[in-house]
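Here are some comments on the packing of this chain, set out as numbered points to be read alongside the coordinates.

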Amino acid sequence: MSKKLLTLQDELRKIAKDQGADLFGVADLTVAHEFVCSQGGEYLKRFPRAISIGVRLLDALVDELPRHEEPMVVFTYRGLYNTVNSRLDQVALSLSKRVQQEGYQAYPIPASQTVDSQRLTGAISHKLAAHLAGLGWIGKSCLLVTPGYGPRIRLATVITDASLEAGSPMDSRCGECRKCVDLCPVKAFTGIPFNPSEPREARFNANLCNQYQNKRRERLGDGLCGLCVYVCPYGTSKNGNNPRSHG
Ligand code: SF4
Ligand code: SF4
């Protein structure tokens with residue numbers, strides 16, 4: 001990689017951290033172009049890299065999610081969720097502008113976006129980009145699980161034609177754990193480990209999750225659930241970021 005690109009990558013990492021991102025990585029999208037284009041369209045093929053950024057959620061709020069029938073809990077979590085998404089979008093814009101200044105294309109994908117209402121997917125899977133960047137693995141919950149913060153993060157992605165240095169995907173550390181599979185109130189997960197050659201439907205029924213959250217929204221005014229984020233032993237404050245209760 002050229003010195004110019006290495007310098008740019010260091011600068012981008014610093015911009016992300018300075019603006020509040022807790023995680024920064026670069027993914028080689030060429031290894032997943034077929035999947036990426038099947039979700040976001042052929043246009044995305046021109047972008048060989050994805051910059052993945054993550055912002056950690058607050059443990060004090062995530063730890064309260066088992067009480068998510070209480071309006072105070074769900075609305076406070078919603079506030080955090082929206083604020084973190086907004087921060088991610090701001091960081092993604094700053095990174096995109098810096099990349100563009102150097103003469104490359106940059107295309108920020110918002111933190112929370114659904115472009116396919118049938119499959120409930122965005123223009124790109126933030127989780128896949130983060131996984132390919134080496135920030136974590138796709139757990140049985142279909143969430144990105146990071147070694148330090150577990151799934152207690154939100155993600156955004158900037159796709160680019162700047163050939164930045166990419167990380168390597170991380171192997172799953174779920175092991176025999178099934179906590180997310182067992183706790184999900186609508187049994188949306190099959191418990192099958194992530195396999196990039198299988199569709200998401202083999203592991204996760206997104207419609208069951210969506211219907212559950214819609215019903216909660218009708219009843220409570222907001223439907224966020226998040227129990228699969230709460231229960232993962234990775235990243236929990238009680239476990240000091242160490243999955244001692246694993247299994
Ligand atoms: S958010 Fe709740 S309903 Fe949806 S998959 Fe996670 S635990 Fe299940
Ligand atoms: S709760 Fe257990 S099985 Fe589910 S993602 Fe976390 S480590 Fe993996």
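1. Tryptophan 137 and tyrosine 234 are both buried, a statement that, like the others below, rests on a predicted model. The two rings form an edge-to-face aromatic pair, with 4.9 Å from centre to centre and 85 degrees between the planes. Because tryptophan 137 belongs to strand β4 (residues 137-138) and tyrosine 234 to the segment after α8, their pairing ties together parts of the chain that are 97 residues apart in sequence.

2. In the whole structure, 6 aromatic pairs are found. One of these is tilted and joins tyrosine 43 to tyrosine 107, at 5.5 Å centre to centre and 55 degrees between the planes. This pair also links distant parts of the chain, since tyrosine 43 sits in the loop between α2 (33-40) and β2 whereas tyrosine 107 is in strand β3 (residues 106-109), 64 residues apart. Tyrosine 43 counts as partly exposed because its relative accessibility is 36%, and tyrosine 107 counts as partly exposed at 33%. Together with Phe47, Tyr43 and Tyr107 make up one aromatic cluster.

3. The largest nonpolar core has 45 residues, of which Leu12, Phe24, Ile51, Ile53, Tyr77, Leu95 and Leu164 touch the most other members. At least two residues each come from α1 (3-18), β1 (23-28), β2 (49-56), α4 (71-101), β6 (153-160), α6 (179-183) and α8 (227-231), and α4 gives the most, with 11 residues. A second core, separate from this one, has 21 residues, including Ala27, Ala32, Leu44 and Ala133.

4. Leucine 164 deserves a closer look: beyond its neighbours within four places in sequence, it is in contact with Met1, Leu5, Leu8, Gln9, Leu12, Val26, Arg49 and Ile51.

5. Valine 62 is placed in helix α3 (residues 59-62) and counts as buried because its relative accessible area is 0%, where the limit is under 20%. Residues up to four places away in sequence aside, valine 62 touches Leu57, Tyr77, Arg152, Val229 and Tyr230. The C-alpha atom of valine 62 is separated by 15 Å from that of asparagine 85, which is 23 residues apart from it along the chain.

6. Which residues are around ligand 1? They are Cys184, Pro185, Val186, Phe189, Phe204, Cys209, Tyr212, Gln213, Cys225, Gly226, Leu227 and Cys228. By class, this shell has 10 nonpolar and 2 polar residues, with no charged ones. Both α7 (206-220) and α8 supply at least two residues of the shell, with α7 giving the most, 3 residues.

Methods. Residues are numbered from 1 along each chain as its sequence is written. Chains are lettered from A and ligands numbered from 1 in the order in which they are written. This is a predicted model: local features need pLDDT of at least 70, side-chain atom pairs count only at pLDDT 80 or more; totals for chains, interfaces and linings use all residues. Side-chain values use heavy atoms; hydrogens and water are left out. A nonpolar core is a set of buried Ala, Val, Leu, Ile, Met, Phe, Trp, Tyr and Cys residues joined through side-chain atoms within 4.5 Å. Buried means under 20% relative accessible area, exposed over 50%, partly exposed in between (1.4 Å probe, protein chains only). Helices (H or I, at least four residues) and strands (E, at least two) are DSSP runs, numbered from the N terminus. Contact means heavy atoms within 4.5 Å. A residue is near a molecule or strand if one of its heavy atoms lies within 4 Å of it. Ala, Val, Leu, Ile, Met, Phe, Trp, Tyr, Cys and Pro count as nonpolar, Asp, Glu, Lys and Arg as charged, and the others, Gly among them, as polar. Rings of Phe, Tyr and Trp (its six-membered ring) pair if their centres lie within 6.5 Å; planes under 30 degrees apart count as stacked, over 60 as edge-to-face and the rest as tilted.
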